[in-house]
Amino acid sequence: MRILSGMRPTGRLHIGHLSVLENWVRLQQGNDCFYFISDWHALTTGYDDTAELKHNIREMLLDWLGAGLDPEVSTIFVQSQVKEHAELHLLFSMFTPLSWLERVPTYKDQLQQLGQEGKDISTYGFLGYPLLMAADILVYLADAVPVGEDQLPHLEFCREVARRFNYLYQTQLFPEPQALLSQIAMIPGIDGRKMSKSYHNDIAMSATPEEIWQRVRMMVTDPARIHKNDPGHPEVCLVHTYHEIFSKEELEEIRSSCREGSIGCVACKKRLAAKINSVLEPVRERRASWAAKPRLVEEIIVEGADRARRLASCTMQRVREAMGV
Ligand code: TRP
Ligand code: SF4
């Protein structure tokens, strides 16, 4: 299967992204995978603040490599280096009804939400977000797209565009790409809200043991546990929620020790920090070894774009032919 997925360059990723990347890594086996950083999509909301864009691309790329994406196996690239995405987006724009774009559920939601934050995204580019995404996917004739649930409307929209193209130009060129939804554990932020860098409640994928401990230390525990031996209620404690994800084998023991009051919250947090560190350590080490070889990382991205372009330009030839341009 040809698999494709992308992420906007948000800079350093957090541990919530790790399971997404682990899924991408698994998919590398036996599939033809294309993974790219969608920097043009970042511009749809961040057009006025691009100072960090290049830096963010680099940081995210290192996190990808740290998580185990293998440039020998997968095609890893940056969207803006493959101009065919833009040409396909333009051609699609000619026959995509505005009403289709306006009714994508994320459109009005985000317009309102970001509008409240004082951001003006009543732009052409933002409205076209899903269309650019459709071009990203279809230019590689991808069969399947691993995405989160939030992206499902975009994928449905992509299939509609593919169908419309095939119908208008009487061709079978575009497949209808399927979403690959995977059960990915949602990790809350250290304050219990959704984990997000903008809430400052995240644990970075590249966090050092000390940074991990500083984050875990701040987690709110059961307020009933004032003294070390007070019986606790793990079900109301965020540290316990994390243990459910990171300490599956020891969960029963942790729960009963908490209920009995035989483990203190600090010790419980130390255990959690150690668990998180054991997951992040190999990622951090791989990341560091790539970070030490910036020339090689540069080569990966040039080579990835070349590989992507070969396929994309072949599709574009067929698109032009079908459309008569
Ligand atoms: N919109 C996706 C996101 O925010 C990123 C993305 C852009 C993407 N183009 C894509 C994902 C193509 C999958 C396929 O997460
Ligand atoms: Fe939470 Fe652990 Fe303290 Fe129990 S012992 S309240 S699970 S931190």
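How many helices and strands does the protein have? In this predicted model, in which local features need pLDDT of at least 70, side-chain atom pairs count only at pLDDT 80 or more, and totals for chains, interfaces and linings use all residues, the elements are DSSP runs numbered from the N terminus, a helix being H or I over at least four residues and a strand being E over at least two. Residues are numbered from 1 along each chain as its sequence is written, while chains are lettered from A and ligands numbered from 1 in the order in which they are written. On this basis the protein has 14 helices and 5 strands.

The C-alpha trace of the protein spans about 75 × 45 × 35 Å along its principal axes, and the chain is divided into domain 1 (2-187 + 294-323) and domain 2 (207-285), with bounds that come from an automatic or database domain assignment. The C-alpha centres of domain 1 and domain 2 lie 37 Å apart. Of the 325 residues in the protein, 35% are buried, where a residue is buried if 20 or more other C-beta atoms, placed from the backbone, lie within 10 Å of its own, exposed if 12 or fewer do, and partly exposed in between. Among contacts with a separation of 6 or more, 79% join residues 24 or more positions apart, a contact being a pair of residues whose C-beta atoms, placed from the backbone, lie within 7 Å.

The largest nonpolar core has 73 residues, and those with the most contacts inside it are Trp64, Ala134, Ile137, Leu138 and Cys158; such a core is a set of buried Ala, Val, Leu, Ile, Met, Phe, Trp, Tyr and Cys residues joined through C-beta atoms within 7 Å. Helix α8 (residues 129-138) gives the most to this core, with 8 residues. Because domain 1 (2-187 + 294-323) and domain 2 (207-285) both give residues to this core, it lies between them. When residues up to four places away in sequence are not counted, Trp64 touches Leu21, Tyr35, Leu69 and Ile76.

Tyr35 is also the bridge partner, in β2, of Ser5. The strands β1 and β2 run parallel and are joined by 6 bridges, two strands being paired if DSSP finds at least two bridges between them. Strand β2 (residues 32-37) is mostly covered, with 5 of its 6 residues buried.

Ser5 appears again at ligand 1, where, of the 13 surrounding residues, Ser5, Gly6, Ser38, Met133 and Asp136 come nearest; a residue is near a molecule or strand if its C-beta atom, placed from the backbone, lies within 6 Å of it. Both β1 (2-7) and α8 supply at least two residues each to this shell, and β1 gives the most, with 4 residues. The shell around ligand 1 has 6 nonpolar, 5 polar and 2 charged residues, with Ala, Val, Leu, Ile, Met, Phe, Trp, Tyr, Cys and Pro counted as nonpolar, Asp, Glu, Lys and Arg as charged, and the others, Gly among them, as polar.

Around ligand 2 there are likewise 13 residues, of which Cys237, Val239, Cys258, Cys265 and Cys268 come nearest. Helices α11 (238-246) and α13 (265-291) each supply at least two residues of this shell, and α13 gives the most, with 3 residues. By class, the shell around ligand 2 divides into 7 nonpolar, 3 polar and 3 charged residues.

Helix α13 also holds Trp290, which counts as partly exposed because it has 19 C-beta neighbours inside 10 Å. Leaving aside neighbours within four places in sequence, Trp290 is in contact with Leu62, Leu65, Gly66 and Val297, and its C-alpha atom is 9.6 Å from that of Asp63, although the two are 227 residues apart in sequence. Pro294, in helix α14 (residues 294-323), is exposed, as there are 11 other C-beta atoms within 10 Å. The C-alpha atoms of Pro294 and Arg58 are separated by 9.6 Å, with their positions 236 residues apart along the chain.

Two loop residues stand out by their backbone angles. Most residues other than glycine have a negative phi. Gln170, in the loop between α9 (152-168) and β5 (178-180), nevertheless has a positive phi of about 45°, and it is exposed, with 7 other C-beta atoms within 10 Å. His200, found in the loop between β5 and α10 (209-217), has a positive phi near 55° and counts as exposed, with 9 C-beta neighbours inside 10 Å.
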